[in-house]
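Student: Please take one part of this protein and go through it closely. I would like to see how a single strand sits among its neighbours.

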Amino acid sequence: MRLDPFYLIVDSAHWVERLVPIGVKLVQLRIKERPDSEVRRDIRTSRTICARHGCQLVVNDHWRAAIDEGCDFVHLGQEDLERADLAAIRGGGLKLGISTHDEAELDRALSVAPDYVALGPVYPTVLKKMQWAPQGLVRLAAWKEKIGSTPLVAIGGLNLERIDGVLTHGADCAAVVTDITRNQDPEDRTRHWIAATSRWRMAPA
Ligand SMILES: Cc1ncc(COP(=O)(O)OP(=O)(O)O)c(N)n1
Ligand SMILES: Cc1nc(C(=O)O)sc1CCOP(=O)(O)O
Ligand SMILES: [Mg+2]
């Protein structure tokens, strides 16, 4: 399986509506602390927009709603993994991405045969407080060495200047939140991300 090299992460369907039509092909809905009814409404709206634009939709954390709404992927962290019904996710035909931050988490992730593994934070992130020091590019390359053909997602502190570094050190895909959503012109920044990742999009598998 191949992932688009540009992985946008946003916290509402409004962002999906704004940015996916520009040409985003892989987007995660990462909604925190909102009622289940709103989460489901945003997933449904995003699903419709993504289907219209040929974009894969990943749902973070809310795996039951993702199954119910027929999404493409679920993303789970290690704690989420404890509570989720992986058989139901697989049975629903959804793919699974898993966060990792150290070797033990990587072993745990690989034990459930994920469709991608994420390593973070590669660089310092302002989005959330993290207990791990920035992983760096050498560690990213070590992760790829260990996981082989399973796609590797780099996340944490990525910006336009850091894309080439992660994609030449083993990442198949660069995930981003604030470099786009806190940019003064998110649409323009999204266009730049699409252009900056284009040579990996076109590279032979
Ligand atoms: C692509 C990607 N990588 C990592 C994460 C983080 O997931 P998690 O550790 O469960 O933390 P929260 O995002 O739920 O706060 C992610 N969402 N996406
Ligand atoms: C949500 C998330 N998870 C991470 C991890 O390391 O698991 S880093 C991160 C934040 C990514 O946001 P930004 O692109 O703004 O740094
Ligand atoms: Mg989570």
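Tutor: What follows starts with the whole chain and then turns to strand E1 and the residues around it.

This is a predicted model, in which local features need pLDDT of at least 70 and side-chain atom pairs count only at pLDDT 80 or more, while totals for chains, interfaces and linings use all residues. Residues are numbered from 1 along each chain as its sequence is written, and chains are lettered from A and ligands numbered from 1 in the order in which they are written.

The protein has eleven helices and eight strands; these are DSSP runs numbered from the N terminus, helices (H or I) of at least four residues and strands (E) of at least two. Its radius of gyration is 16 Å, close to the 17 Å that the globule rule gives for 205 residues, so the protein is as compact as a globular protein of that length. That radius is taken over C-alpha atoms, and the rule is 2.2 Å times the number of residues to the power 0.38. The C-alpha trace spans about 40 × 40 × 35 Å along its principal axes. Buried residues make up 40% of the 205. A residue is buried if 20 or more other C-beta atoms lie within 10 Å of its own, exposed if 12 or fewer, and partly exposed in between, with C-beta atoms placed from the backbone.

Now the strand. Five of the five residues of E1 are buried, so E1 is largely enclosed by the rest of the structure. In a regular strand the side chains alternate between the two faces of the sheet. Here Phe6, Leu8 and Val10 point one way from E1, and Tyr7 and Ile9 point the other way.

E1 has pairing partners, where pairing requires that DSSP finds at least two bridges between two strands. Three bridges join E1 to strand E8 (residues 173–176), and the two run parallel; Phe6 stands opposite Ala174 in E8. E1 also pairs with E2 in the parallel sense over three bridges, with Ile9 opposite Gln28. Strand E2 (residues 26–29) is in turn joined to E3 by four bridges, again parallel, and Gln28 stands opposite Val58 in E3. Strand E3 (residues 56–60) is mostly covered, with four of its five residues buried.

E1 also feeds the largest nonpolar core, which has 58 residues. Such a core is a set of buried Ala, Val, Leu, Ile, Met, Phe, Trp, Tyr and Cys residues joined through C-beta atoms within 7 Å. E1 (residues 6–10) gives the most to this core, with five residues. Among the residues with the most contacts inside the core are Tyr7, Leu8, Ala154 and Ala174.

Ala174 ties several of these pieces together. Not counting residues up to four places away in sequence, Ala174 touches Pro5, Phe6, Tyr7, Ala154, Leu158, Ile163, Val166, Leu167 and Thr197; a contact means C-beta atoms, placed from the backbone, within 7 Å. Ala154 belongs to strand E7 (residues 152–154) and counts as buried, with 31 C-beta neighbours inside 10 Å. The C-alpha atoms of Ala154 and Ala174 are separated by 5.0 Å, though the two lie 20 residues apart along the chain. With neighbours within four places left aside, the contacts of Ala154 include Leu119, Leu140 and Ala175.

Key: Two residues are in contact if their C-beta atoms, placed from the backbone, lie within 7 Å.
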